[in-house]
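Please describe how the chains of this model are built and how they meet, with the cut-offs behind each term. A report in running text, with one small table, would serve best.

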Amino acid sequence: MEKCQFCGKPATVHMTQVINNKTTVIRMCNECAAKHGLFDKEGLPFAMLSGLGEALFSGMKQNLSANGLICSKCGCTPMSFKETGRLGCPHCYKDLKLLIDGIIESSQKGTIHKGKYSREGVMAATMNASGGVTDASASIKRSPRKLSTEERLNELQEMLDAAVKAERYEEAARLRDEIKNLKGSEGVS
Amino acid sequence: MNDFAKKLFQDSKLAKETTPVVVSSRIRLARNLADFKFVKYACKGDLHAVAERCEKVLSSCPIFTNSTILNMCDLLDYEKLALVERHLCSQEFIMENNESKLFFTDDHLTSIMINEEDHLRMQVFRPDLNFKTMFDKINAIDDHVSENLNVAFDNRYGFLTACPTNVGTGMRASVMLHLPALVITKQIGNLILAVQKLGFVVRGLFGEGSEAQGNFFQISNQQTLGFAEVDILSRLTQIIRSIIEYELNAREIVKKEKIIWLYDNIGRALGILRGCYCLTSIDAINCISLMMLAVDLGYLPNTLRGNLHQMMMKIQNSHMQVLENRVLNGGERDIKRAELSREFFATVPNLKFD
């Protein structure tokens, strides 16, 4: 018997999802299906009836736990994002990180900002008349608002976690050193 | 002419200095204030506060010394649509809410939408392909904004936007191209596919959701995160340069292989524009597109290029209503358009084929 993909118990719910001709089969036990909103109290698979299925499973493809997320500042959820196509506030990028990272991975070139005010500072490079970059080593522009050491450390830690998760070890090592230096220079324990 | 009409019809540099193939180019930056919800989720009071703050900061920006500020809620529907036809603002902008404001400079080369999808959508235009100048210009405005407002920015994600498809640089660069020969030689389909494969998007005359009319195509970057601005701009420049080359080659092929077809179509189009009494906008745009091709191929004087672009603006639905200062129904618009067309094309010299 097939096993639940989430807890390993025997699977009783089999859901086939076809998105852009790509078929995904998800197997789970009753408990896990209920936990992920596939059944309402009466046991009806309302998720499928109300079109919730698509929202759930497109999110699931990115990260299952994204479905329980809610922005602590504005109340935006993955579901409201699905409905409006817009996030609620800048803080959503922190609280709905799992959802957003999934979207970014599938729609963007990279996952880290390399433009204006980024640490690479490439933006300051000047272009020549033919549109090519002539001076990529131009001065680095700082971010629009200076971050406190604590904020910066938090951010670096998040970037480090992401790098480790994505197995970008070179970047992770660099971030680890940067955290160490920053802690050392500010005397933070 | 009322004040709005004067602002709208003032000589647009965009039309006057336009070049063959590249009709215009644009860079747009999306920015948000860190302390407010994004527009779609914000309450009226918040939107009002955002608009006030942004207006104050932008008014002190040197580039807006000679400019117009419009409260969108004060405008009539056709006036708003005329601004969309001029590309000064987006379709979404005029539908959204009562707290939106539009800044634009007298030369129509810079405009800023306050409270569109993002709190600030800043755009600069040029009649040719010169992203360096445009980027320097918009970057200076952006620096002014960043220095004076708390802009939502994250070291990892870059500039935070209401939709994650704009996050990072928040930059969309686009070029409007006139590609009649690639359409005539049926190469346009393959070109669109090739451009899409490179991560760029091909759209019609009015951007998102619009169909190609009159052989005009807009090409823009799709991705905004993971690249530096200069990288996006130099890649787009390269792509546009190759498309220009393809189009010019295709024109040579048309001249060699389909010359009678070409003379016939251009000649008929001028006939329609001079003699019509009822002209739909799609017919008008298609005919004017052929007149532009005639200028590029030397069958009409070069000095007409700017006038043709101005004409194309003027005969759009909402522009005519602004000019007439009243609502025109579909039939009335086609009659008015024909009148404007006869009047203008009567002054155009006869075609001089090789």
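In chain A, residues 24 or more positions apart account for 29% of the contacts with a separation of 6 or more, where two residues are in contact if their C-beta atoms, placed from the backbone, lie within 7 Å. This is a predicted model, in which local features need pLDDT of at least 70 and side-chain atom pairs count only at pLDDT 80 or more, whereas totals for chains, interfaces and linings use all residues. Residues are numbered from 1 along each chain as its sequence is written, and chains are lettered from A and ligands numbered from 1 in the order in which they are written.

Chain A has eight helices and two strands, and along the sequence these follow the pattern β-β-α-α-α-α-α-α-α-α; helices (H or I, at least four residues) and strands (E, at least two) are DSSP runs, numbered from the N terminus. Of its 189 residues, 27% count as buried, a residue being buried if 20 or more other C-beta atoms lie within 10 Å of its own, exposed if 12 or fewer, and partly exposed in between, with C-beta atoms placed from the backbone.

Where the chains meet, 40 residues of chain A are in contact with 38 residues of chain B. On the side of chain A that touches chain B, the elements that give two or more residues are helix H6 (97–107) and helix H7 (149–165) of chain A, and H6(A) gives the most, with four residues. The residues of that side divide into 19 nonpolar, 13 polar and eight charged; Ala, Val, Leu, Ile, Met, Phe, Trp, Tyr, Cys and Pro count as nonpolar, Asp, Glu, Lys and Arg as charged, and the others, Gly among them, as polar.

The largest nonpolar core (a set of buried Ala, Val, Leu, Ile, Met, Phe, Trp, Tyr and Cys residues joined through C-beta atoms within 7 Å) has 94 residues, and those with the most contacts inside it include Cys76(A), Cys92(A) and Leu102(B). Helix H9 (residues 229–257) of chain B gives the most to this core, with seven residues. Leaving aside neighbours within four places in sequence, the contacts of Cys76(A) include Cys92(A), Leu96(A) and Tyr41(B).

In chain B, eight strands form an open sheet in the order E2-E3-E4-E5-E1-E8-E10-E9, with antiparallel pairing; two strands pair if DSSP finds at least two bridges between them. The edge strands, each pairing on one side only, are strand E2 (67–71) and strand E9 (200–203) of chain B. Within the sheet, four bridges join strand E3 (residues 101–105) to strand E4 (residues 110–114) of chain B, and Phe104(B) stands opposite Ser111(B) in E4(B).

Two helices of chain B can be set side by side through their buried residues and the residue that follows each.

| Helix | Buried residues | Following residue and its phi |
|---|---|---|
| H4(B) | Lys80(B), Leu81(B), Ala82(B), Leu83(B), Glu85(B) | His87(B), positive, near 65 degrees |
| H13(B) | Ser318(B), His319(B), Met320(B), Gln321(B), Val322(B) | Asn325(B), positive, about 60 degrees |

The buried residues of H4(B) pack against H1, helix H5 (91–95), E3, H12 and H13 of chain B. What covers those of H13(B) includes helix H1 (3–9), helix H4 (77–85), helix H12 (304–314) and helix H14 (330–345) of chain B.
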